[in-house]
Amino acid sequence: MTPYLARLLEMSLNNATIPSDWKIATVFPLHKGSERSVVSKYRPTSLASVVCSQLEKVIAVYLRQVWEKNDWLYEGQHGFRPRYLCGSQVITVCQDRAESLDEGVGIVAIIIDFSKTFDLVLHDRLLTKLAASGLESRAVVWVREFLIGDTR
């Protein structure tokens with residue numbers, strides 16, 4: 001199956017086309033708390049196309065490789081990078097805080113939750129930045145197709 005899947009993904013990337021059923025996801029409520037009768041104790045979870053999810057992973061690995069090669073990623077960015085876990089970011093912050101206390105220097109921490117930010121990103125601006133970051137044009141076009149689709 002792997003050669004066929006690889007060929008299918010290659011065709012999608014080369015042609016900048018994504019079958020519409022790849023973009024369809026089944027959304028269901030996932031229980032996250034103790035009280036099953038409380039609606040706020042559920043979060044929406046989606047199951048998307050396995051094939052499209054695999055191509056997303058390929059694109060994500062490619063993005064990281066290009067950005068790391070071009071030194072676009074700040075050393076303090078954690079969570080979505082290999083060897084940069086969210087836990088390691090917490091440890092780094094704690095170490096910085098301990099060092100500042102040892103040196104008698106004050107420290108200010110601003111913690112922002114960006115988890116919902118992507119919903120507010122302007123796709124055209126994101127695509128412009130992706131193109132400027134050194135990505136191959138077919139990857140940028142594929143991401144555009146994934147985000148926006150055919151607008152004709």
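**Figure 1. The surface and overall build of the chain in the predicted model.** The chain exposes about 11800 Å², and carbon and sulfur atoms supply 59% of that area. These values come from a predicted model, and the legends that follow describe the same model. Of the 152 residues of the chain, 20% count as buried. Along its principal axes, the C-alpha trace spans about 60 × 50 × 35 Å. The chain has a radius of gyration of 20 Å, whereas a compact globule of 152 residues would have one near 15 Å.

**Figure 2. The order of helices and strands along the chain.** Five helices and two strands make up the elements of the chain, and, read from the N terminus on, these elements run α-β-β-α-α-α-α. Among the contacts with a separation of 6 or more, 47% are accounted for by residues 24 or more positions apart.

**Figure 3. A close-up of the second largest pocket.** This pocket holds about 380 Å³ of space. Its lining is formed by 15 residues, and those that lie nearest the centre of the pocket are Gln 89, Thr 92, Val 93, Asp 96 and Ile 111. When the lining residues are sorted by character, they divide into nine nonpolar, four polar and two charged.

**Figure 4. Ser 100 in helix α3.** Ser 100 has its place in helix α3, which covers residues 86-103. Is Ser 100 buried or exposed? Its relative accessible area is 8%, and because buried means under 20%, Ser 100 counts as buried. When residues up to four places away in sequence are not counted, Ser 100 touches Val 105 and Ile 107.

**Figure 5. Two residues with a positive phi, Ala 16 and Asp 71****.** Most residues other than glycine have a negative phi. Ala 16 is not a glycine, and yet it has a positive phi of about 50 degrees. Ala 16 lies in the loop between α1 (2-15) and β1 (26-31), and it counts as buried because its relative accessibility is 17%, which falls under the limit of 20%. Asp 71, also not a glycine, has a positive phi of about 60 degrees. This residue is found in the loop between α2 (50-69) and α3, and at 66% relative accessibility Asp 71 counts as exposed, because exposed means over 50%.

**Figure 6. Lys 23 and residues far from it in sequence****.** Lys 23 is found in the loop between α1 and β1, which is also the loop that holds Ala 16. Why does Lys 23 count as partly exposed? Its relative accessible area is 33%, and this value lies between the 20% under which a residue is buried and the 50% over which it is exposed, so Lys 23 is partly exposed. The C-alpha atoms of Lys 23 and Leu 147 are separated by 9.5 Å, although the two residues are 124 residues apart along the chain. Leaving aside residues up to four places away in sequence, Lys 23 touches Ile 18, Glu 145, Phe 146 and Gly 149.

**Figure 7. Val 141 in helix α5 and its distance from Leu 130****.** Val 141 is found in helix α5, made up of residues 137-147. With a relative accessible area of 41%, Val 141 is partly exposed, because this value is neither under 20% nor over 50%. How many residues apart in sequence are Val 141 and Leu 130? They are 11 residues apart in sequence, and in space they are 10.0 Å apart, C-alpha to C-alpha.

Key. Residues are numbered from 1 along each chain as its sequence is written. This is a predicted model: local features need pLDDT of at least 70, side-chain atom pairs count only at pLDDT 80 or more; totals for chains, interfaces and linings use all residues. Side-chain values use heavy atoms; hydrogens and water are left out. On a 1 Å grid over the protein atoms alone, a cavity is a set of points where a 1.4 Å probe fits but cannot get out, and a pocket is an open set with protein on both sides within 12 Å along at least five of seven lines; lining residues have an atom within 4 Å of a point. Grid points are joined across faces, edges and corners, and a volume is the space filled by probe spheres set on the points. Ala, Val, Leu, Ile, Met, Phe, Trp, Tyr, Cys and Pro count as nonpolar, Asp, Glu, Lys and Arg as charged, and the others, Gly among them, as polar. Helices (H or I, at least four residues) and strands (E, at least two) are DSSP runs, numbered from the N terminus. The radius of gyration is taken over C-alpha atoms; the globule rule is 2.2 Å times the number of residues to the power 0.38. Buried means under 20% relative accessible area, exposed over 50%, partly exposed in between (1.4 Å probe, protein chains only). Contact means heavy atoms within 4.5 Å. Accessible areas come from the Shrake-Rupley method with a 1.4 Å probe; for residues, only the protein chains shown count as cover.
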